[in-house]
Amino acid sequence: MPSDALSDLDPELYRTIQLRAKRQIRQRMSALRRALPADALAQRSAALTQRVLELPLFEAARSVALFWPMLARSETDLRDLDARSRALGKRIYYPFMTDQGETLHTGFRLSEDATLLCEQGRGFCEPPLDAPVASPSDLDLIFVPALAAAPSGHRIGYGAGFYDATLPEFCPPAQSVVVVFDFQLLGELPVSPVDVPCDLVVTDKRTFERAPRA
């Protein structure tokens, strides 16, 4: 069914179809990533990192927010980008998530030493709890993981909504870059009103930049 026809459906039915489609894409892309041998994933991550290093936006950035790879999920590995960024004198931040009563507080904390990153019960590595928290003006580039992405900048993550909730606080002034392997790039994705597109999409083979914000 065409996407414009879907938008004419009952809102609750439309939402159900969207969720089902996203779940199917997550399952498919997770399986594709796990099917690749470790050396193939490493080669693709190295090629992607090189493309990022050649971006004028990266060269100009004074600070970047990265993510430590969840290797058990065959995630894009940006550890070399972390090392190269530190060597260039850039400030490095990593995402965090903490409980505040019945709500979750999300953001980015400064990482002065990558060896201090550790898993704190959320499934991903975070800086120490006493590390400085970034304000919106602290970040120039935010790198975003995904299971699938489209040239429009939209992405499908793991479903927790971390980046959809966090990016609007930082972008702008920061710009966001979703990084995926090229086989994770799809022509179009199911998109809901709460889905926040990224400014750039970088794969191991291609780079896409979406139209500037109005």
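Is glutamine 43 buried or exposed? In this predicted model, glutamine 43 is exposed, because its relative accessible area of 57% lies over the 50% cut-off. The residue belongs to helix H3. Its C-alpha atom is separated by 9.9 Å from that of aspartate 77, a residue 34 positions away along the chain.

The overall make-up of the chain provides the setting for such local features. The secondary structure of the protein chain consists of six helices and eleven strands. Of its 214 residues, 46% count as buried. Among contacts between residues at least 6 apart in sequence, 67% join residues at least 24 apart.

Helix H3 also takes part in a helix-helix contact. Two packed helices are described by the angle between their axes and by the distance between those axes. For H3 and helix H5, which spans residues 79-87, the angle is about 35° and the axes are 9 Å apart. The crossing of H3 past H5 is right-handed. On the H3 side, the residues that meet H5 are Thr49, Val52 and Leu53, and their counterparts in H5 are Asp80, Leu81 and Arg84. By residue class, this contact comprises three nonpolar, one polar and two charged residues.

The largest nonpolar core contains 45 residues. Within this core, the residues that touch the most other members are Phe58, Phe108, Leu139, Ile142, Phe143 and Val179. Both helices and strands give two or more residues to the core. The contributing helices are H3 (38-53) and H6 (162-170). The contributing strands are E1 (63-65), E2 (91-100), E3 (103-110), E6 (141-144), E9 (175-179) and E10 (200-202). Another core, of eight residues, lies apart from this one and includes Ile25, Met29, Leu147 and Leu186.

The surroundings of isoleucine 142 illustrate how separate parts of the chain meet in the largest core. When residues up to four places away in sequence are not counted, isoleucine 142 touches Ala65, Phe108, Tyr163, Leu167, Phe170, Cys171, Ala174, Gln175, Ser176 and Val177. One of these residues, Cys171, is joined to proline 172 by a cis peptide bond with omega of about -10°. The next peptide bond, from proline 172 to proline 173, is also cis, and its omega is near 15°. Proline 172 is placed in the loop between H6 and E9, and proline 173 lies in that loop as well.

Ser176, another residue touched by isoleucine 142, is linked to the loop that follows strand E9. The backbone nitrogen of serine 176 lies 2.8 Å from a polar atom of the aspartate 199 side chain. Aspartate 199 is located in the loop between E9 and E10. With a relative accessibility of 6%, aspartate 199 counts as buried, because this value is under the 20% cut-off.

Leucine 185 is found in the loop between E9 and E10 too. At 12% relative accessibility, leucine 185 is buried. Leaving aside neighbours within four places in sequence, leucine 185 is in contact with Ala149, Ala150, Pro151, Val201, Thr203, Arg206 and Phe208. The C-alpha atoms of leucine 185 and alanine 146, which are 39 residues apart along the chain, are separated by 10.0 Å.

A side-chain polar contact involves strand E3, in which threonine 106 is placed. The side chain of threonine 106 makes this contact with the side chain of threonine 166, at 2.7 Å. With residues up to four places away in sequence not counted, threonine 106 touches Phe96, Met97, Phe162, Thr166 and Glu169. Threonine 106 has a relative accessibility of 16% and therefore counts as buried.

A further local feature occurs at serine 74, in the loop between E1 and H5. Phi of serine 74 is near 55°, a positive value in a residue other than glycine. Serine 74 is buried, with a relative accessibility of 11%.

Terms used
Residues are numbered from 1 along each chain as its sequence is written. This is a predicted model: local features need pLDDT of at least 70, side-chain atom pairs count only at pLDDT 80 or more; totals for chains, interfaces and linings use all residues. Side-chain values use heavy atoms; hydrogens and water are left out. A nonpolar core is a set of buried Ala, Val, Leu, Ile, Met, Phe, Trp, Tyr and Cys residues joined through side-chain atoms within 4.5 Å. Buried means under 20% relative accessible area, exposed over 50%, partly exposed in between (1.4 Å probe, protein chains only). Helices (H or I, at least four residues) and strands (E, at least two) are DSSP runs, numbered from the N terminus. Contact means heavy atoms within 4.5 Å. Axes are lines fitted to C-alpha atoms, for helices over the stretch in contact, and angles run from 0 to 180 degrees between N-to-C directions. A crossing is left-handed if the near helix is turned anticlockwise from the far one by less than a right angle, and right-handed if clockwise. Ala, Val, Leu, Ile, Met, Phe, Trp, Tyr, Cys and Pro count as nonpolar, Asp, Glu, Lys and Arg as charged, and the others, Gly among them, as polar. A polar contact is a pair of N or O atoms within 3.5 Å; within protein, one must be able to donate a hydrogen and the other to accept it, and residues adjacent in sequence count only if both atoms are side-chain atoms.
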